Amino acid sequence: MKPNHPRGLTLLLVISAWMTYRILGFVFAGNVEALGGNMMASAWIIPLGQDALIGMTAPAIVYLMATRPGFLTYALSLAWLWWGNVDFVIGLITETYYPPAVGPFGPHVPDSMLSIWLYGNLAAGIYAFCLLLTPRIRSYFVAADSAAARRIADTPLRGGWVLVIVGAGLMGLFFPLVAAGMDMMFEALGFQPR
C-alpha cells in the first residue's frame, strides 16, 4: 500500500535536507578574525556558529519529519525552521555592517553573490516554514500516531531525501572546492578579480 503524504511534504523534506550544507559554518570558522583568520570580522562567529549547528541538526530533524510525524516533531520542526530563517537574517545584517574582506566565493565572483546566496536560501527556508503551516501538512503531523514510526522506504521519495542530506553535507564540507569552481566559472565569463 502506498503511503498517503500531503501535498508539499516532499518539498518540505528536500528543502530541510538541503540545509545540511550549512555545516560549512565549521569550514569558514577559521576565516573569522576572532579565531585567527583575516577574511571575516569577529561578528561572523554568530551566523557561522548557528549555521554549523543548523547543518548538524538538519539530518535528525528531517529524519523525524519523514519517519515520526507527530505533534512534538511538528513543534520541533517549526522551531528549527524559524531558527534557520532568523540566522539567514542575522547573516544578511552581518554582511551589511561587516562585509568579508575577501569574497568567500573567490576573487572573480561578484561581491553580490553572498547576498544572493543568503537571500535565495532565506526564501527557500521561508517557503519550507510556510509549507509546514499549511492545513494539510499541519494536520498530517498533528493527527499522526507518533508511536508508529514509518520505514524510510515508505517516506516521500522512498527515502531519497537521505541523498539530499548526503549531497548537501558533502557540499558544505567541501565548500572551498565549490567556491573554486564558481570562481573559475566567473573568470571564464570575463569577470576581473576584485
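A residue counts as buried when its relative accessible area is under 20%, as exposed when that value is over 50%, and as partly exposed in between. With this scale in hand we can walk through the structure above, which is a predicted model, and we can begin with a residue that illustrates the scale well. Aspartate 87 has a relative accessible area of 2%, and because this is under 20%, the residue is classed as buried.

Before following aspartate 87 further, it helps to look at the chain as a whole. The protein chain contains eight helices and zero strands, so that, read from the N terminus on, its elements run α-α-α-α-α-α-α-α. Its C-alpha atoms fill a box of roughly 55 × 30 × 25 Å when the box is taken along the principal axes. The chain has 194 residues, of which 45% count as buried, and aspartate 87 is one of the buried residues.

Where does aspartate 87 lie? Its place is in helix H4, a helix that spans residues 71-97. Its C-alpha atom is separated by 9.6 Å from that of glycine 49, although the two residues are 38 apart along the chain. The side chain of aspartate 87 also meets the side chain of arginine 22 in a salt bridge, with a distance of 2.6 Å from N to O. This pair links distant parts of the chain, since arginine 22 belongs to the loop between H1 and H2 while aspartate 87 belongs to helix H4, 65 residues away.

Is arginine 22 buried or exposed? Its relative accessibility is 1%, and therefore arginine 22 counts as buried, just as aspartate 87 does at 2%. Arginine 22 has another partner as well, for its side chain meets that of aspartate 51 in a salt bridge of 2.8 Å, N to O. Here too the pair links distant parts of the chain, with aspartate 51 in helix H3 and arginine 22 in the loop between helix H1 (9-18) and H2, 29 residues apart. Both aspartate 51 and arginine 22 are buried. Taken together, Arg22, Asp51 and Asp87 are linked in a network of salt bridges.

How many salt bridges does the structure hold? There are three, and one of them joins arginine 151 to aspartate 154, where the closest N and O atoms are 3.1 Å apart. The surroundings of this pair can be read from the same scale of accessibility. Arginine 151 counts as exposed because its relative accessibility is 55%, whereas aspartate 154, with a relative accessible area of 24%, is partly exposed.

From the contacts between side chains we can turn to the empty space inside the model. Rolling a probe the size of a water molecule over the atoms shows where empty space is left. A search of the whole structure finds two cavities of 30 Å³ or more, and the largest has a volume of about 210 Å³. This largest cavity is lined by 18 residues, and those nearest its centre are Leu24, Leu48, Asp51, Leu114 and Leu118. The elements that give two or more residues to this lining are helix H2 (24-29), H3, helix H4 (71-97) and helix H5 (112-133). By class, the lining of the largest cavity divides into 14 nonpolar residues, one polar residue and three charged residues. Asp51, which takes part in the salt-bridge network, is thus met again here among the lining residues nearest the centre.

The second largest cavity holds about 40 Å³ of space. Its lining is made by Met19, Arg22, Ile54, Trp80, Leu81, Gly84, Asn85 and Gly125, and H4 gives the most to it, with four residues. Sorted by class, this lining has four nonpolar, three polar and one charged residues. Arg22, a member of the salt-bridge network, is one of the residues that line this second cavity.

The last stop is on the surface. Which residues make the nonpolar surface patch of about 730 Å²? They are Tyr63, Ile152, Val162, Val166, Leu170, Leu173, Phe174 and Leu177. Helix H7, covering residues 161-173, gives the most to the patch, with four residues. Tyrosine 63, by contrast, has its place in helix H3, which runs over residues 45-67. Its relative accessibility is 39%, and because this value lies between the two cut-offs of 20% and 50%, tyrosine 63 counts as partly exposed.

Conventions:
Residues numbered from 1 in each chain as written. Predicted model: local features only at pLDDT ≥ 70, side-chain atom pairs only at ≥ 80, totals over all residues. Heavy atoms only, no water. Patch = residues over 30% accessible without salt bridge, like charges linked within 9 Å, V, L, I, M, F, W, Y side chains within 5 Å. Areas by Shrake-Rupley, 256 points an atom, 1.4 Å probe, with all protein chains shown as cover. Salt bridge = Lys/Arg side-chain N within 4 Å of Asp/Glu carboxyl O. Buried < 20%, exposed > 50% of the residue type's maximum accessible area, 1.4 Å probe, protein only. 1 Å grid on protein atoms, 1.4 Å probe; cavity = no way out; pocket = protein on both sides within 12 Å on 5 of 7 lines; lining within 4 Å. Points joined across faces, edges and corners; volume = space filled by probe spheres on them. Nonpolar A, V, L, I, M, F, W, Y, C, P; charged D, E, K, R; others polar.
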